[in-house]
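Biologist: Please take a close look at the salt bridges in this model. Which side chains pair, and where do the partners sit?

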Amino acid sequence: MTQEILTRSIINTFSNCNSSRGAAAGVVAFFCMMNFDGASFPKVLTHESKNSVPSGIVFEIREFSLFDGPGIRTTVFLKGCPMRCEWCHNPEGQSFAPEILFNSKRCVGCGTCAKVCPSPERCLKCGECAKNCPTGARKLCGFLISSEELAQKLLKSNDIFQMSGGGVTFSGGEPLSQVEFFVHASQILRENGVHVALETSGCVPLSAYRRGVASADLVYQDLKHPFPEGHRRYTGVDLSIVLENIAILKAQSTPFVFRIPVVPGVNDSSECMEAFALLVEGSAGLIRVELLPYHATAGAKYSLVGRNFEPTFDPAVPPRLSAEAFLKRKIPCKIL
């Protein structure tokens, strides 16, 4: 699909929905920033609109987070991810477009959604059905917001951030796939004394990664698999771009944490842990490595997006957790 056709499609889709007319131009600008190249991940282009600040699509703002950085934090989940990790806990964050989540267990068949739908032939993702659903069976996942509006919303909790030594963490999805949005929001927050953390897969263009890391006070860099074949098999993307960005991270001054989701039969072998340890060794800005054990509830949300959770690994088997490969190299490591 050409960019022109894509743009017309988005304009038609969102301008036909009463609740989203005001957002149509912003959504078009956002999607026109996205392109795809041969590396199988979205290239985020510069948004150069002179009349507006960057806008992005967020699918959740979670307050009082305690595990996404120091202190009490608010975690902002940006929509869209280039990876398709088999163990993904947030499948609703993978698509770059807003979508309707449907919980069939809550549906009572009242027909309200059909009555209020402005386009029964083709879902516009406008959210009218979700807004009017009496049982909450439908939910609009993903909303457009400007970086300034988001920052001002987050700054309402600044007293709590300052008191607790907390701040804001941007996660996803992949937040650096919306790098202009992230950088501008982060700039406003940091100018107001808010600590900003960034959680990233590193699967973005080098220029976006450099800008993103430079715009954060702390980086959580995910490590999925240390070997190219395994990385491609379990995440759907090449490892090479991630390794290039890790080299950038290790060479700069922003402090960072490597986070490894430990998945049974995927990356929990001693060979994988040794390879991970060699990868992170020699990182001056490294605070620690965190091992996050796979949780059996990871597949719970897939039905909401109309998909089946079908991992090739056995989710019932607990992962093998060992920090030995890191500790023997004097690399700080914590099992969460």
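**Salt bridges in the chain**

Modeller: The structure, which is a predicted model, holds 16 salt bridges. Side chains of opposite charge can pair when their charged atoms come close. A few of the pairs can be taken in turn, after a short view of the chain around them.

The chain has 12 helices and 13 strands. It contains 336 residues, and 51% of them count as buried. Among contacts with a separation of 6 or more, 71% are between residues 24 or more positions apart. The accessible surface of the chain is about 15700 Å², and carbon and sulfur atoms supply 53% of that surface.

Start with E60 and R62. Their side chains meet in a salt bridge, with N to O at 3.0 Å. E60 counts as partly exposed because its relative accessibility is 25%, and buried would require a value under 20%. R62 is also partly exposed, with a relative accessible area of 34%; a residue counts as exposed only over 50%.

The next pair is R259 and E199. Their closest N and O atoms are 3.7 Å apart, and a salt bridge calls for a nitrogen within 4 Å of a carboxyl oxygen. R259 belongs to strand β11, which covers residues 256–262, and E199 belongs to strand β9, residues 195–200. The pair therefore ties together parts that lie 60 residues apart in sequence. Both R259 and E199 are buried.

A third salt bridge joins the side chains of R320 and D268, at 3.6 Å from N to O. Here the partners lie in loops: R320 is in the loop between β12 (286–293) and α12 (324–327), while D268 is in the loop between β11 and α11 (270–280). This pair ties together parts that are 52 residues apart in sequence. The two ends differ in cover: R320 is exposed, with a relative accessible area of 53%, whereas D268 counts as buried, at 6% relative accessibility.

Some of the salt bridges share partners, and these join D68, E199, R259, R288 and E290 into one network. R259 and E199, the buried pair described above, are therefore both members of that network.

To put the three pairs together: E60 and R62 are each partly exposed, R259 and E199 are both buried, and R320 with D268 brings an exposed arginine to a buried aspartate.

How values were computed. Residues are numbered from 1 along each chain as its sequence is written. This is a predicted model: local features need pLDDT of at least 70, side-chain atom pairs count only at pLDDT 80 or more; totals for chains, interfaces and linings use all residues. Side-chain values use heavy atoms; hydrogens and water are left out. Helices (H or I, at least four residues) and strands (E, at least two) are DSSP runs, numbered from the N terminus. Buried means under 20% relative accessible area, exposed over 50%, partly exposed in between (1.4 Å probe, protein chains only). Contact means heavy atoms within 4.5 Å. Accessible areas come from the Shrake-Rupley method with a 1.4 Å probe; for residues, only the protein chains shown count as cover.
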